[in-house]
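Good morning, and thank you for making time for this presentation. I would like to take you through one structure, from its overall plan to a few individual residues.

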Amino acid sequence: MTDKTIQSLAASIRRTRTRSNLTQQQFAQKIGVRQQKLSEWENGRRLRSVAQAMTLIRVLGRSR
């Protein structure tokens, strides 16, 4: 993935969480990951894997 794609996905994760009025801890619990991992995703780290990104997109779709 390109840096632009990663940053766009990171922004989408943060936007989805904040629109849900959830803290990182609450949202992480809801989607089944640790808060630290969610923080890394929201900051554009650890999103290099296409498979991981696709899983995350599916999870985000269910959380809305």
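Helices and strands, as I use the words today, are DSSP runs, numbered from the N terminus; a helix takes at least four residues and a strand at least two. With that in mind, the protein chain reads α-α-α-α along the sequence. It holds four helices and zero strands. Please remember throughout that this is a predicted model.

Let me begin with the chain as a whole. It has 64 residues, and buried residues make up 36% of them. The accessible surface comes to about 4200 Å², and carbon and sulfur atoms hold 48% of that surface. Among contacts with a separation of 6 or more, 58% are between residues 24 or more positions apart.

I turn now to helix α1, which covers residues 3-19. Its 17 residues reach 24 Å from the first C-alpha to the last, close to the 24 Å expected at 1.5 Å a residue. Which residues of α1 are buried? They are I6, L9, A10, S12, I13, T16 and R17. Seen down the axis of α1, these buried residues fall within an arc of 160°, so they line one face of the helix. A general point helps here. An α-helix has 3.6 residues a turn, so residues three or four places apart point the same way. On the other side of α1, D3, K4 and R19 are exposed. K4 has a relative accessible area of 72%, and it counts as exposed because that value is over the 50% cut-off. The C-alpha atom of K4 lies 9.8 Å from that of G44, although the two residues are 40 residues apart along the chain.

Next comes the loop between α1 and α2, where N21 is found. Phi of N21 is near 55°, a positive value in a residue other than glycine. Why remark on the sign? Most residues other than glycine have a negative phi. N21 is also exposed, with a relative accessible area of 69%.

Helix α2 spans residues 24-31. In α2, the buried residues are Q24, F27, A28 and I31. They cover an arc of only 100° around the axis, which puts them on the same side of α2. Q29 and K30, on the other side of α2, are exposed. After α2 comes G32, with a positive phi near 80°.

Helix α3 runs over residues 35-42. Its buried residues are L38, S39, E40, W41 and E42. Just after α3, G44 takes a positive phi of about 80°.

How do the helices come together in the interior? The largest nonpolar core has 14 residues, and those that touch the most other members are I13, I31, L38, W41, L47 and L56. Each of α1, α2, α3 and α4, the last of these being residues 50-63, supplies at least two residues of this core. I31 may serve as an example. Leaving aside its neighbours within four places in sequence, I31 is in contact with L38, W41 and V59.

My last topic is the charged side chains. How many salt bridges does the count come to? The count is two. In one of them, the side chains of E42 and R14 meet at 3.5 Å, N to O. This pair links distant parts of the chain, with E42 in helix α3, R14 in helix α1, and their positions 28 residues apart. In the other, the side chains of R17 and E42 meet at 2.5 Å, N to O. R17 in helix α1 and E42 in helix α3 are 25 residues apart, and this pair too links distant parts of the chain. R14, R17 and E42 are thus linked in a network of salt bridges.

Are the members of this network buried or exposed? E42 has a relative accessibility of 5% and R17 one of 10%, and both count as buried because buried means under 20%. R14, at 34% relative accessibility, counts as partly exposed.

To close, I would leave you with two features. One is the largest nonpolar core, to which α1, α2, α3 and α4 each supply at least two residues. The other is the network of salt bridges that links R14, R17 and E42. Thank you for your attention.

Note on methods:
Residues numbered from 1 in each chain as written. Predicted model: local features only at pLDDT ≥ 70, side-chain atom pairs only at ≥ 80, totals over all residues. Heavy atoms only, no water. Salt bridge = Lys/Arg side-chain N within 4 Å of Asp/Glu carboxyl O. Buried < 20%, exposed > 50% of the residue type's maximum accessible area, 1.4 Å probe, protein only. Expected span 1.5 Å × (residues − 1). Arc of directions from axis to C-beta. Contact = heavy atoms within 4.5 Å. Areas by Shrake-Rupley, 256 points an atom, 1.4 Å probe, with all protein chains shown as cover. Core = buried A, V, L, I, M, F, W, Y, C linked by side-chain atoms within 4.5 Å.
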